[in-house]
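Dear colleague,

I am passing on the structure we talked about, and below it I have written out what was found, in an order that should be easy to follow with the model open beside the text.

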Amino acid sequence: MLKEKIKSTVTELLENKRIDFVIGYGAGSDAGTVRPAFVKSVEEVEQLIWSPFAVNNLAKFVMDHLYENIKIGVIVKGCDSRSVIRLVQDKVFPRENFYVIGVPCKGILDKNKVAKDFDLSGDLVDFTEQGDEVILKTSKGEFKLRKEDYLLDKCYRCETPTPVVYDVLLGEEVAPFRTDDYEDVKAIENLSVEEKSRYWDKQFEKCIRCYACRNVCSACNCRDCVFDMAEPNWVGKAANLSENTAFHLIRAWHVAGRCVDCGECSRVCPMGIPVNTLNRKMIKDMKELFAVETPGKNPEQGPVLGTFRTDDPEEFM
Amino acid sequence: MKRLFEFIGFEPGRFHARWISGSEAQKVVETARKVTEEVRALGPNKKMRDDRC
Ligand code: SF4
Ligand code: SF4
Ligand code: SF4
């Protein structure tokens, strides 16, 4: 079982002092939630779990250990692995300080979708997967569901189910079996000017400027963030529609070409703003304009907007 | 930039970007004229107006 494999791998790494600690998943407050677990010693390995709800992208946590002479093990799914490339490419965290424990992934369940049909308020005791079915054994009962009906939106368009970078891979590679059609972005593009404006005004209005979307983001890795600065005051701090629109536009441009499309920003937003859709619009445009891949997918491809090719399209000339 | 502006509901033509060298006087004039005309046709901007000064 994956959970046992994770534990034995981490135990061995810690025993042989190959890593200082590992960032993995621990049990959360209910069956549909996991929490990041920081395991520093063999005694703590028991905390580690694997869950069909293991949604968090754990790579960003290494940023709490910049400039330390340290080796950190991180458990990553396919999409999260793009963040590792991001952090290495941005020279935020060196590759040699990572020990990447890759988990090939066939999709993670969206707890909000599952909770509509099943009671997730108990603890997750165990789970089994048979083909397309998952049986969740929780302290409140056993539930059987078809995975395909309850995946995270991003999993329906996953391009990298197997991590693109890893030091050890726990399980068989999963061949990419989906493509991204950007239907969510196209749906908004097809609206009229007024409808677009109304849609985004309604979203931006809700923003409380908590910056959770920034904090969780592996592309938001600047030492000093413009949104924190008061001197100069690049962006107004007031939470009103204009300032919020400015905030969202600026953030979208700051991560353009570097956003790895992990979807974490939308997930953590307490106000339910589809933050990631702005970034996905940028990715879609960049793919069309510059024939590039999703950032972080191909380690050879540098940041899109930091690259110059003489045959780049020049719409503004 | 222009594409993202339009994605969130600015009118096409509200925002222009042009690469003009210091020696291209004619292009500056033409661009300024075009921008003025297009923006005048659109009327006053309504987005991002509250509290920004
Ligand atoms: S996007 Fe891909 S790698 Fe990430 S959780 Fe979904 S299926 Fe797994
Ligand atoms: S997480 Fe949501 S509410 Fe918080 S700053 Fe980001 S968009 Fe605004
Ligand atoms: S902007 Fe959102 S989707 Fe992109 S890397 Fe950051 S958290 Fe992930």
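Please keep in mind while reading that this is a predicted model. I begin with ligand 2, which is surrounded by 14 residues, the closest of them being A:Cys207, A:Cys210, A:Tyr211, A:Cys213 and A:Cys269. If you sort the residues of this shell by character, you will find twelve nonpolar, one polar and one charged. Two helices of chain A, helix 6 (212-215) and helix 7 (241-254), each contribute at least two residues to the shell around ligand 2.

Ligand 3 can be described in a similar way. The residues around ligand 3 include the cysteines A:Cys217, A:Cys259, A:Cys262 and A:Cys265, together with A:Arg251, A:Asp261, A:Glu264, A:Asn276 and A:Asn279. Among the elements of chain A, helix 8 (264-268) and helix 9 (275-290) are those that give two or more residues to this shell. By character, the shell around ligand 3 divides into five nonpolar, three polar and three charged residues.

The next topic is how chain A is built up. Chain A is divided into domain 1, which covers 2-119 + 145-169, and domain 2, which covers 183-306. The contact between them draws on 19 residues from domain 1 of chain A and 29 residues from domain 2 of chain A, while the centres of the two domains, taken over C-alpha atoms, are separated by 24 Å.

The size of an interface is often expressed as the accessible area that is lost when the parts come together. Between domain 1 and domain 2 of chain A, the buried area is about 1,900 Å², and carbon and sulfur atoms give 47% of it. On the side of domain 1 of chain A, the residues that lose the most area to domain 2 are A:Lys60, A:Arg82 and A:Arg86, which together account for 31% of what that side buries. Three salt bridges are found across the interface of these two domains. You may also wish to look at the side chains of A:Lys287 and A:Glu159, which meet in a salt bridge with a distance of 3.3 Å from N to O.

Finally, I would like to point out one residue of helix 5 (residues 193-206) of chain A, namely A:Ser197. Is A:Ser197 buried or exposed? A:Ser197 counts as buried, because its relative accessibility is 12% and the cut-off for buried is under 20%. Leaving aside residues up to four places away in sequence, A:Ser197 touches B:Ile8, B:Gly9 and B:Lys47.

With best wishes

Conventions
Residues are numbered from 1 along each chain as its sequence is written. Chains are lettered from A and ligands numbered from 1 in the order in which they are written. This is a predicted model: local features need pLDDT of at least 70, side-chain atom pairs count only at pLDDT 80 or more; totals for chains, interfaces and linings use all residues. Side-chain values use heavy atoms; hydrogens and water are left out. A residue is near a molecule or strand if one of its heavy atoms lies within 4 Å of it. Helices (H or I, at least four residues) and strands (E, at least two) are DSSP runs, numbered from the N terminus. Ala, Val, Leu, Ile, Met, Phe, Trp, Tyr, Cys and Pro count as nonpolar, Asp, Glu, Lys and Arg as charged, and the others, Gly among them, as polar. Buried means under 20% relative accessible area, exposed over 50%, partly exposed in between (1.4 Å probe, protein chains only). Contact means heavy atoms within 4.5 Å. Domain bounds come from an automatic or database domain assignment. Buried area is the accessible area (1.4 Å probe) that two parts lose on being put together, summed over both. A salt bridge is a side-chain nitrogen of Lys or Arg within 4 Å of a carboxyl oxygen of Asp or Glu.
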